[in-house]
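Reader: Got a new model open here. Can you walk me through it, quick and plain?

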Amino acid sequence: MRLGINVHRDIKHNTAGIDWISIGLFFVLLLISIFIMNSASSNVLESDPNYYVVRHAGFMLFGAILIVGLLFVDYNRFKELSSIGSIGIIVLLVLVLIIGTGDGSKRWLFGFQPSELAKLVLIVAYAAYLERNRHKLQDPKEVLKAMAFILGPMLLIFIEPDLGTSLVFFFFMMMMLFVAGANRKLLLLITLVIILLIGLVFGSLYAYTDGFTVPLEEDIPFLPLHYYQLMRLAIFINPQMDPLNTGYHVIQSKIAIGSGGLFGQGYGNGSQIQGNFLPAHHTDFIFSVIGEEMGFFFSALVLILYMLLILRMIKMGMEAKTLFGTLIITGICSMLAFQVLVNVGMAVGIMPITGLPLPFFTYGGTNLLINMMAVGLVFSVHRREQQGY
């Protein structure tokens, strides 16, 4: 009898502080992800229709084990390892530029993407850095120094080239600086400069594409972007300027989502998806699968689940008793929200194509594991803060 009471107390103690509502929302998203991946990937590899969904589920299972492990690790220990982690990430990002592989770029190293790992490692390291220097962040020089902490790795990722992932770094950097109390006037000035630079890029594209009607023939000399990156930005304005090449993906994606209507064409019956008219439908454009086969209402449900999960995590960040914990959650929420916004926007044609994955849905082991570990770290921070140690 006493043994049973002790076991009950141990379970209650070990599970105290766990936000079961958030875990439930997360679990539902993962189940839907497997459900959608099964249909999205069934025609990708004809010799093995289940190849991608089985691997996706396998990575997910491994990610779940990592989450459980993170729940019972004191996240403050990562503060001690943040400097080593930052150096290690820089080394990996340099190595991938030297010996990395990829389709037209250098993004893979020994079977994984260092840029994905860099997101989580640098969020933790940056949270530790900002906490140590929080009293200096009203000084513009210190803010610029703090920005250099992220801009260095971000530049290495941009050179791969990987514009989408580098933008993720910039977004979570700005959000973490804001929450850390950095000089508001400087942050506003930086935001305005970024808006002006975006205007310069699109203004140049307007001139070089004859008002977004003629595809580019080469790079624009004074812009640090490759031809294909510039064309992705141009076809965001007018996909019909290059309908059979760079505009093809977004046109087919919009057709797929539009044809889904309110209730979809039916699971496994999407004409654009199952007919292979939309490329990358199990990776970059997996949201188009949801829209075509499951329809508007189911697509809205997925977005609502994302919103509720991120809002719950924001609440955890607000409840954190340490700036370190708050900043970790801020960085992770920013990272996930930005990826969802851009990927879904890309699929429906209201965002440029950047190749950013849809968290938990897009096929890709590295991205899935890192995003799951990120959510697990948020749960770990909340659990430790709620237990008071």
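Author: One term before we start: contact means heavy atoms within 4.5 Å. With that cut-off, Phe170, Met174, Leu177 and Phe178 in α7 meet Arg184, Leu187, Ile190, Thr191 and Ile194 in α8. Keep in mind that this is a predicted model.

Reader: What's the mix of nonpolar, polar and charged residues in the contact of α7 with α8?

Author: The contact residues divide into 7 nonpolar, 1 polar and 1 charged.

Reader: And at what angle do α7 and α8 pack?

Author: About 160°, with the axes 10 Å apart. That makes α7 roughly antiparallel to α8, because angles over 145 degrees count that way. The crossing of the two helices is left-handed.

Reader: Stay on α7 for a second. Is threonine 165 buried or exposed?

Author: Threonine 165, which sits in helix α7, is buried, with a relative accessible area of 4%. Leaving aside neighbours within four places in sequence, threonine 165 is in contact with Ser115, Lys119, Ile157 and Leu356.

Reader: Switching to the core. How many residues are in the largest nonpolar one?

Author: The largest nonpolar core has 110 residues. Leu130, Leu205, Phe360 and Phe361 have the most contacts inside it.

Reader: Which helix gives the most to this core?

Author: Helix α13, residues 323–348, with 14 residues.

Reader: Pick leucine 130. What does it touch?

Author: Not counting residues up to four places away in sequence, leucine 130 touches Leu137, Ala146, Met176, Leu177, Ala180 and Leu327. One of these, Leu177, also belongs to the α7 side of the contact with α8.

Reader: Next, α10 and α12. What's the packing angle, and how far apart are the axes?

Author: Helix α10 (residues 248–260) and helix α12 (residues 286–319) pack at about 25°, and their axes are 6 Å apart. That makes α10 roughly parallel to α12. The crossing is left-handed.

Reader: Which residues of α10 and α12 meet?

Author: From α10, Ser253, Ala256, Ile257, Ser259 and Gly260. From α12, Phe287, Ser288, Gly291, Glu292 and Gly295. The contact divides into 3 nonpolar, 6 polar and 1 charged.

Reader: What about α12 and α14, what angle there?

Author: About 40°, with axes 10 Å apart; α14 covers residues 365–387. That makes α12 oblique to α14. Here α12 passes α14 in a left-handed crossing.

Reader: Which side chains should I click on for α12 and α14?

Author: Met313, Met316 and Glu319 in α12 meet Val378, Phe379, His382 and Gln386 in α14. Those divide into 4 nonpolar, 2 polar and 1 charged.

Reader: Now backbone oddities. Where is the cis peptide bond?

Author: A cis peptide bond joins glutamate 160 and proline 161, with omega about 5°. Proline 161 is in the loop between α6 (140–159) and α7 (163–179).

Reader: Why flag that?

Author: Because most peptide bonds are trans.

Reader: What about phi? Where is phenylalanine 110, for one?

Author: Phenylalanine 110 is in the loop between α4 (77–99) and α5 (114–132). Its phi is positive, about 55°, although it is not a glycine. Most residues other than glycine have a negative phi. Phenylalanine 110 is exposed, with a relative accessible area of 68%.

Reader: And aspartate 210, where does that lie?

Author: In the loop between α8 (184–208) and α9 (227–237). Aspartate 210 has a positive phi of about 55° and is not a glycine. At 56% relative accessibility, aspartate 210 counts as exposed.

Reader: How does glycine 211 compare?

Author: Glycine 211 lies in the loop between α8 and α9. Glycine 211 is partly exposed, at 24% relative accessible area.

Reader: How far apart are glycine 211 and aspartate 74 in space?

Author: 55 Å, C-alpha to C-alpha, with their positions 137 residues apart in sequence.

Reader: Last one. How far apart are phenylalanine 59 and leucine 369?

Author: They are 310 residues apart in sequence and 6.7 Å apart in space, C-alpha to C-alpha. Phenylalanine 59 lies in helix α3, residues 51–71, and is partly exposed at 23%. Not counting residues up to four places away in sequence, phenylalanine 59 touches Tyr363, Gly365, Leu368 and Leu369.

Methods: Residues numbered from 1 in each chain as written. Predicted model: local features only at pLDDT ≥ 70, side-chain atom pairs only at ≥ 80, totals over all residues. Heavy atoms only, no water. Core = buried A, V, L, I, M, F, W, Y, C linked by side-chain atoms within 4.5 Å. Buried < 20%, exposed > 50% of the residue type's maximum accessible area, 1.4 Å probe, protein only. Helix = DSSP H or I, 4+ residues; strand = E, 2+ residues; numbered from the N terminus. Axes fitted to C-alpha atoms, helices over the stretch in contact; angles between N-to-C directions. Parallel < 35°, antiparallel > 145°, perpendicular 65-115°, else oblique. Left-handed = near helix turned anticlockwise from the far one by under 90°. Nonpolar A, V, L, I, M, F, W, Y, C, P; charged D, E, K, R; others polar.
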